[in-house]
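Me: Please take a close look at the disulfide in this predicted model, and then carry on from there to the pockets, the cavities and the strand pairing. I would like one connected account.

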Amino acid sequence: MFMASLGVKQCPNALFISAFLAFPLLLIGCGGGGTTAQSTSKTAITISPTRAALTTGQAQTFSASVTGNSVTTVTWEVDSIPGGNSSVGTVSTTGVYSPPSSAGTHTVVARSVADGTVSASANVYITDLAGVFTYHNDLSRDGVNSQEYALNTSTVKAATFGKRFACAIDASAYAQPLWVANVSIGGGTHNVLLAATVHDTIYAFDADISPCKTYWSQSLLASGETWVNNMDVGGSPDLAPDIGIVGTPVIDPTTNTIYVVSKSKNGVTIHQRLHALSLIDGSEKFSGPQEIAFLFNGITFSPVSQNQRAGLALLNGVVYIAWGSHGDVGTYYGWILGYKASTLAQVSVFTDTPGAGMGGIWMAGGAPAVDSTNNMYVITGNGNFDGVTLFGDSFLKLSTPNLGVLSFFAPSDQATLNSGDIDFGSGGATILVDQPSGPVQHLAIGGGKVGTLFLLNRDSLGGNTVNDAGAVQSFSVGNRIFGTPAFWQNNLYIAPITDHLKSYTFNPTTGQLTTAPASQSPGTFGFPGSTPSISAQGTSNGIVWATEKGTGPAVLHAYDATNVGTELWNSANSSADQAGQAVKFTVPTVANGKVYVGTVGEISVYGLSPN
């Protein structure tokens with residue numbers, strides 16, 4: 001009677017708890033489907049991971065853990081839509097999220113079935129970037145990935161960003177790592193990272209899995225061969241001690257092919273070869289490899305003295321390869337060769353200093369730039385100049401595929417540059433965004449050891465004139481340039497040696513850059529400076545990434561692109577973020593929420609913390 005008077009249901013064989021005990025809540029259950037037991041603990045949900053970066057072809061499995069309630073099931077939603085839809089992505093009842101076909105940022109929510117007011121959420125960043133197929137992101141060499149959603153000025157900080165894993169390689173990686181989305185490989189669809197070493201090895205890694213997963217590795221050494229030692233090519237310390245693959249390869253996504261040049265030796269015989277490898281398994285394609293050996297205008301190509309340092313370019317079915325020297329040792333030329341991508345047959349040859357020699361094209365590892373009308377631009381090193389056939393220390397505009405000189409610019413002090421080993425071509429060329437309403441619509445920019453940047457009219461580069469009158473603009477950035485500038489949202493970014501990373505503002509009305517930096521990094525970069533890369537979400541959330549080479553580990557820096565005086569993060573601030581040993585001229589690759597840095601012995605991989 002007493003229990004009934006308290007409003008508590010009575011039932012046979014029930015467990016009674018004395019009403020006189022000081023319990024705040026009576027826990028009473030009746031067998032056979034009576035009342036559901038209620039918990040005194042607060043229901044809580046945790047979700048894992050709490051952040052994820054995906055391509056449009058990836059899926060992500062989320063898990064949810066419910067505590068404080070006997071009912072541990074959850075429902076799933078995307079952007080407040082139960083189960084999601086084709087616009088925001090769908091999520092299954094087991095937490096498997098499949099992204100939409102377009103880029104963007106979405107929120108996946110796990111909601112308690114027992115208490116709908118309790119939930120946990122995760123941020124998902126979707127990119128539609130197909131790949132980083134070439135040096136400095138694209139043919140303009142502007143260094144921009146504007147399809148990056150996960151890495152922004154809010155997420156790149158010590159609490160949420162750092163080193164996630166590393167992929168072991170057999171030697172130094174001077175070549176920039178390349179990245180391809182949604183490759184059918186390893187029994188599924190995966191994002192793939194391609195890396196090349198001076199021991200003539202190519203690796204295909206899973207770009208996302210920790211610990212690192214290798215899909216394949218391929219040695220490009222023929223039977224009985226090994227890589228070259230710097231003493232084999234005259235003893236220059238510029239690349240030492242080992243020389244194999246040095247220039248950044250290029251990828252053709254339409255045929256799933258990566259093109260790369262190897263340097264190897266069999267006894268005293270040195271070879272350079274062009275390889276076309278399958279992205280799927282690393283096998284040779286198109287009857288490759290192709291031995292690089294030819295005679296042109298009485299000049300025999302020397303595989304010994306010619307250094308294939310510049311990145312490769314792929315344009316309209318032709319692979320273009322440029323060469324410089326090993327520290328000015330021996331007789332060498334500034335060669336550019338074109339090979340048909342589908343057959344590896346040679347289709348064009350150019351040299352900038354026939355007969356005289358020199359004029360190497362190396363650009364600190366930069367690749368030939370190409371404009372929207374398929375003209376190619378390179379900057380040459382020391383060599384004789386006459387503006388007719390000899391183009392030492394010159395900024396060249398070449399036709400494709402026949403590689404004829406269409407226009408040139410040579411600094412007025414070219415003779416001094418040549419005699420003093422002050423290469424104009426120590427830096428690379430960048431194509432600026434077209435300016436339809438500006439005084440000069442088509443611009444290119446580059447600079448070298450003098451530390452002067454030359455802004456040039458691509459329609460007529462300016463020739464060789466007194467006081468450089470043919471240039472649109474020229475000004476000093478403070479120190480020598482050994483890299484390729486980056487350009488984003490009318491800002492130019494450059495990091496000379498022993499100097500700050502600097503940004504210069506481009507004024508579309510005047511068609512010129514500010515000659516004083518709009519901002520500069522707090523710290524400086526020693527030799528050889530840095531080639532910066534940009535990640536952005538379209539026109540916003542720009543981050544400048546730059547690697548610093550010292551005597552120890554490489555240091556990766558991240559700066560706010562609107563003001564590089566604001567450093568968001570750097571890898572030297574935590575021992576857990578330490579990269580591999582630094583190599584010079586390395587360029588960071590940014591894709592799908594991760595940053596990949598080539599070093600000695602590993603590709604260091606940085607990204608968002610999953611939780």
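**The disulfide and its surroundings**

Reply: The structure, which is a predicted model, holds one disulfide. The link joins C167 and C212, whose sulfur atoms lie 2.0 Å apart, and with 95° about the S-S bond it is right-handed. C167 belongs to strand β14 (residues 161–172), while C212 sits in the loop between β17 (201–206) and β18 (214–219), so the bond ties together parts that are 45 residues apart in sequence. The two partners can also be described by their accessibility. C167 has 1% relative accessibility and counts as buried because the limit for that class is under 20%. C212, at 23% relative accessibility, counts as partly exposed.

Strand β14, which carries C167, also leads on to the pockets. The second largest pocket has a volume of about 410 Å³, and of the 20 residues that line this pocket, the closest to its centre are A52, Q60, D208, K594 and P610. The elements that give two or more residues to this lining are β2 (51–55), β3 (60–61), β14 and β52 (600–608), and the largest share, four residues, comes from β2. Sorted by class, the lining of the second largest pocket has eight nonpolar, eight polar and four charged residues.

The largest pocket has a volume of about 520 Å³. It is lined by 27 residues, of which D238, G327, W362, K584 and F585 are the closest to its centre. By class, the lining of this largest pocket is made up of 11 nonpolar, eight polar and eight charged residues.

From the pockets the account passes to enclosed space. There are four cavities of 30 Å³ or more, and the largest cavity has a volume of about 80 Å³. The residues that line the largest cavity are F482, P528, G529, S530, T531, T547, E548, K549, V583, K584, F585 and T586, and they divide into four nonpolar, five polar and three charged. Two names recur here: K584 and F585 line the largest cavity, and K584 and F585 are also among the residues closest to the centre of the largest pocket.

The second largest cavity holds about 60 Å³ of space. Of the 13 residues that line this cavity, the closest to its centre are G244, V246, K263, N307 and Q308. Strands β22 (257–266) and β27 (306–307) each supply at least two residues of the lining, and the largest share, three residues, comes from β22. In terms of class, the lining of the second largest cavity divides into four nonpolar, eight polar and one charged.

The strand pairing can be followed in two open sheets. In one of them, four strands stand in the order β28-β29-β31-β32, and the pairing is antiparallel. Strands β28 (313–315) and β32 are at the edges, each with a single partner strand, so one side of each is left without a neighbour in the sheet. Neighbouring strands of this sheet are turned by 20° against each other on average, with direction ignored.

Within that sheet, strand β31 can be taken as the point of reference. On one hand, strand β29 (residues 318–322) is joined to β31 by five bridges and the two run antiparallel, with A322 having I336 as its bridge partner in β31. On the other hand, β31 (residues 335–340) pairs with β32 (residues 346–351), again in the antiparallel sense and over five bridges, and here Y339 stands opposite Q346 in β32. The hairpin of β31 and β32 has five residues between the strands, and one of the residues in this hairpin, L344, takes a positive phi near 65°.

The other open sheet also has four strands, in the order β33-β34-β35-β36 and with antiparallel pairing. Its edge strands are β33 (369–370) and β36 (405–409), each of which pairs on one side only. Strand β35 (residues 395–398) pairs with β36 in the antiparallel sense over four bridges, and in this pairing K397 stands opposite S407 in β36.

To return to the part you asked about, the disulfide of C167 and C212 joins a buried C167 to a partly exposed C212, and strand β14, in which C167 lies, is among the elements that give two or more residues to the lining of the second largest pocket.

Note on methods: Residues are numbered from 1 along each chain as its sequence is written. This is a predicted model: local features need pLDDT of at least 70, side-chain atom pairs count only at pLDDT 80 or more; totals for chains, interfaces and linings use all residues. Side-chain values use heavy atoms; hydrogens and water are left out. A disulfide is a pair of cysteine sulfur atoms within 2.5 Å. Buried means under 20% relative accessible area, exposed over 50%, partly exposed in between (1.4 Å probe, protein chains only). Two strands pair if DSSP finds at least two bridges between them. On a 1 Å grid over the protein atoms alone, a cavity is a set of points where a 1.4 Å probe fits but cannot get out, and a pocket is an open set with protein on both sides within 12 Å along at least five of seven lines; lining residues have an atom within 4 Å of a point. Grid points are joined across faces, edges and corners, and a volume is the space filled by probe spheres set on the points. Ala, Val, Leu, Ile, Met, Phe, Trp, Tyr, Cys and Pro count as nonpolar, Asp, Glu, Lys and Arg as charged, and the others, Gly among them, as polar. Axes are lines fitted to C-alpha atoms, for helices over the stretch in contact, and angles run from 0 to 180 degrees between N-to-C directions.
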